[in-house]
Amino acid sequence: MDQLKETLLWTADDDQALRMAGDVLADQVGDVVGTWYGYVAAHPHLLAYFSPPDGEPDANYLERVRPRFEQWILDTCRRPYDQAWLDYQHEIALRHTRSKKDQTDHVNAVDQVPLRHIIAFVYPITATIRPFLSQKGHDSADVERMFQAWFKAVTLEVALWSRPYTLQDAW
């Protein structure tokens with residue numbers, strides 16, 4: 001993880017900016033996830049991951065995932081990036097692969113989210129966060145610091161989530 005953070009040009013300022021972002025986003029996580037759900041709903045190929053093969057989206061599944069998605073925002077900003085956090089990142093990754101997809105919620109949905117969509121999702125998850133970071137009156141420099149730290153954190157997480165999709169010696 002240290003090498004990944006170094007590759008991302010991570011600094012102590014990013015840690016501080018993420019904590020600030022967590023404070024800013026804490027009472028907005030429902031709205032953030034609502035924005036992301038709207039994005040997913042507008043793209044049938046993404047909504048399919050909440051649906052059985054060739055079926056309609058499972059509304060109950062979407063609702064069960066929502067609180068975990070909200071908690072993920074706060075964890076990204078506030079939790080120490082220690083071994084427990086790394087272990088949970090691995091669990092999140094597995095829940096997107098054939099080895100664990102659908103098991104947590106006991107649903108019958110498409111059995112894997114392709115890695116290409118997880119990687120591509122970095123952009124909308126990042127681009128849509130800026131308006132929420134701007135909601136609490138921080139100056140533009142602080143908003144930019146929070147935004148860049150968020151971008152680095154999401155990129156770090158997706159890099160970690162790629163592990164179960166790759167050959168061990170290729171990761």
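**Close-up 1. Helix α2 on its own.** With 14 residues, α2 stretches 20 Å from its first C-alpha to its last, close to the 20 Å expected at 1.5 Å a residue. Everything shown here and in the other views comes from a predicted model. The helix runs over residues 12–25. Quite a few of its side chains are tucked away: D14, A17, L18, M20, A21, G22, V24 and L25 are buried in α2. The cover over these buried residues includes α3 (29–41), α5 (59–78), α9 (130–133) and α10.

**Close-up 2. Where α2 crosses α10.** Two packed helices are described by the angle between their axes and the distance between the axes. For α2 and α10 (residues 140–161), the axes come within 8 Å and cross at roughly 100°. The two helices are therefore roughly perpendicular to each other. On the α2 side, the residues to pick out are D13, D14, Q16, A17, L18, M20, A21 and V24. They meet D142, R145, M146, A149, W150, K152 and A153 of α10. Sorted by class, this α2–α10 contact has 9 nonpolar, 1 polar and 5 charged residues.

**Close-up 3. Where α5 crosses α10.** Here the axes of α5 and α10 come within 10 Å, with a crossing angle of roughly 105°. That crossing makes α5 roughly perpendicular to α10. From α5, the contact uses W72, I73, T76 and C77, and from α10 it uses W150, A153, V154, E157 and W161. By class, the tally for α5 with α10 is 7 nonpolar, 1 polar and 1 charged residues. W150 and A153 are worth a second look, as they turn up in the α10 list for α5 and also in the one for α2.

**Close-up 4. The buried face of α3.** Helix α3 has 13 residues and reaches 18 Å from first C-alpha to last, close to the 18 Å expected at 1.5 Å a residue. Its buried residues are V29, V32, V33, W36, Y37 and V40. Looking down the axis of α3, these buried residues fall within an arc of 135°, so they line one face of the helix. An α-helix has 3.6 residues a turn, so residues three or four places apart point the same way. Among the elements covering the buried residues of α3 are α2, α4 (44–47), α5, α8 (122–127), α9 and α10.

**Close-up 5. F69 and its contacts.** F69 sits in helix α5. Setting aside residues up to four places away in sequence, F69 touches V33, W36, Y37, F121 and I125. Three of those names, V33, W36 and Y37, are among the buried residues of α3. F69 and V33 are 36 residues apart in sequence, and their C-alpha atoms are 6.9 Å apart in space.

**Close-up 6. Three spots outside the long helices: L9, Q135 and S162.** L9 lies in the loop between α1 (2–7) and α2. The phi of L9 is near 60°, a positive value in a residue other than glycine. L9 counts as exposed, at 64% relative accessibility. Over in the loop between α9 and α10 is Q135, also exposed, with a relative accessible area of 53%. The C-alpha atoms of Q135 and I73 are separated by 16 Å, and the two residues are 62 apart along the chain. S162 is in the segment after α10, and S162 is buried, at 14% relative accessible area. Leaving out neighbours within four places in sequence, S162 is in contact with L115 and W171.

Note on methods
Residues numbered from 1 in each chain as written. Predicted model: local features only at pLDDT ≥ 70, side-chain atom pairs only at ≥ 80, totals over all residues. Heavy atoms only, no water. Axes fitted to C-alpha atoms, helices over the stretch in contact; angles between N-to-C directions. Helix = DSSP H or I, 4+ residues; strand = E, 2+ residues; numbered from the N terminus. Parallel < 35°, antiparallel > 145°, perpendicular 65-115°, else oblique. Contact = heavy atoms within 4.5 Å. Nonpolar A, V, L, I, M, F, W, Y, C, P; charged D, E, K, R; others polar. Expected span 1.5 Å × (residues − 1). Buried < 20%, exposed > 50% of the residue type's maximum accessible area, 1.4 Å probe, protein only. Arc of directions from axis to C-beta.
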